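Let's take a friendly walk through a protein model together. Have a look at the picture first, and then we will go through some of its parts.

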Amino acid sequence: CLLSSNTAGVQEAVLPTAAAHGASKPVLTWTQKVLCSGADKDIYAGTYNGKSVAICISKDHGRGWRRILNEIKVFKALGADPHIITMHGSGLHEGCLYMVLEVVNPIGYDLDKVKSTYSQAGRTVPSSLMARILMHLMSALAYMHYKRVIHMDLKTEHNLVDAHYNAKLIDMGIAGAVGRRECLRAGYLAPELCEGIRPLSAKVDSWGLGVILHQVYQNQWKLLTNAGQVEMLPGRPATQRPMERPVRDAMFRLLEISPSRRWHLRELQDCEWLWESAVLESAALEAPEDWHKPAAGGDAARRFLRRYVSKLPMPNAMAVYITYKNHSHLIGLPISALRLSSGLGVTVLLIGDGRECFESRPGADTPIRQNSWVYFGVPQGEGEMALAVEGLERVLATRPESPRDKSHSPGDFRAFTKDEVVNTGKLVEFTVEFDCFTFPKHIGEQAIIGVPKQAAPGGPEIRALDLRRVFNVNLVGIQRMGEAEPEWFPRASAVVRPDDLGLVVRLPCLDGSTQPTLTDADLESLMDEELFNLALPARKSVE
């Protein structure tokens, strides 16, 4: 490339790509600060015609050069795909090869860090979230296979995850054509690649998806022997950590040592686990634009409750690990003393011990305990969320002046290290799932979900449901008839009408599944008109 300037800490170059007649060539700049470093390349922050990019520069003229050269060739052959990192350009700088790649925010957040975040909280990546990510990777691989290219080097670190949990496949360092013969030895690579005898098929990447599941759910990447005959290590695939049966079955079928017995991507797509996820997703996609129906899926036997799905992104929960060092001023206080709901519009969703013991419907008198995880729901509007999070950080901080003063955006609360999660008391983001029920007609034309402050003189009769105290329902959202978006984490004065959906959080389990926090029996007194009227006589409330 042609260097056009060199200022303090910044390199500027003109990419050697053809420009339209009369147009200037694209300009690339980058800082000298290394964002991250691998065995073969360093990655710098830069701009490409004013757009933020990542610059990958080879470290040497040996292995690093060969891998980046291979990546450049593969990216050019593939073209664009929404779930494969985009290469904007490439060239030479001071004798080193470089690639210009799109930036995926949060920078450096890959599937391995997703796994670590959940692990540090004593949890497992939810199987529904993993299904979403896996289907993105399958889409990317299907596109590659259509182009007759196989990745061959799949693992959690080679999958970036953006702020909305969309996956992007990266690192084409050893990718190559279907049918090639190659011998590379590592404990996670496909057995036929380690043997180097037979032509390689797309099932090399099926094995790689199995490796990813094994890393996420069993925290192990090494599956095969490193020397001698290629064999599965004793106790592999591992089963020590709990997994949902359909997820475990899929992992085992992907990790068949014989390619002839190993699942193809088509079989993975049709498996029980991904089929159930597809049913829930299709229920959301097929719903009318102005209404979100409860999804049946595997919930058909339930009378009142269904899994909630939506075309729109679900909110994430904010969670904090309570320690004496960071939160001594909170330990032992009841939730009501924090004034989160009335003051900030923040809802306490769950309180857990980092294993599988949760206070699933915390009330005003539930105490804040040391060494527990507290999960919060915050308002989702951009301005409301910033104010609520800032206020929540102020409540959690030992010193009122310590919270940062900044606006918040998706991905700000991803954790990268255990120190961030546990030792600093930082708020961390987790995905959550929801059930829903339909408000019955006997609540009246409209009702408020909390307790009335006073009666409105001459106003209409409006029941105050007092859902949390009377019916033990921790309502976290309202999907109103005719409205596109739910009202998440509503205040006590929020109004509901018959046929609106009430949303309640589901309980995360160690195997990646979720369980209801409410049962049909719990809702009986709300849904049965006679029981409802016994529990809650009609009262007036403020209009």
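Start with two helices: α5 and α6 are oblique to each other. This is a predicted model, and the angle here is a computed one: the axes of α5 and helix α6 (residues 245-254) cross at roughly 135 degrees. Angles over 145 degrees would count as roughly antiparallel, and 65 to 115 as roughly perpendicular, so this pair falls under oblique. The two axes come within 8 Å, and their crossing is left-handed.

Which residues make this contact? On the α5 side they are S206, W207, L209, G210, L213, H214, Y217 and Q218, and they meet V247, M251 and L254 of α6. Sorted by character, the residues of the contact of α5 with α6 include 7 nonpolar and 4 polar, with no charged ones.

Helix α5 (residues 203-218) also has a partner in helix α2 (residues 111-120). Their axes come within 9 Å and cross at roughly 25 degrees, which makes α2 roughly parallel to α5. This crossing is right-handed. Here L111, D112 and K115 of α2 touch I212, Q215 and V216 of α5. The residues of this contact of α2 with α5 divide into 3 nonpolar, 1 polar and 2 charged.

Now turn to a single residue, K168, in strand β10 (residues 167-169). Is K168 buried or exposed? With a relative accessible area of 15%, K168 is buried, because buried means under 20%. A polar atom of the K168 side chain lies 3.0 Å from the backbone oxygen of P82. Beyond its neighbours within four places in sequence, K168 has contacts that include H83, E102 and N159.

Methods
Residues numbered from 1 in each chain as written. Predicted model: local features only at pLDDT ≥ 70, side-chain atom pairs only at ≥ 80, totals over all residues. Heavy atoms only, no water. Helix = DSSP H or I, 4+ residues; strand = E, 2+ residues; numbered from the N terminus. Buried < 20%, exposed > 50% of the residue type's maximum accessible area, 1.4 Å probe, protein only. Polar contact = N/O pair within 3.5 Å; in protein donor to acceptor, adjacent residues only side chain to side chain. Contact = heavy atoms within 4.5 Å. Axes fitted to C-alpha atoms, helices over the stretch in contact; angles between N-to-C directions. Parallel < 35°, antiparallel > 145°, perpendicular 65-115°, else oblique. Left-handed = near helix turned anticlockwise from the far one by under 90°. Nonpolar A, V, L, I, M, F, W, Y, C, P; charged D, E, K, R; others polar.
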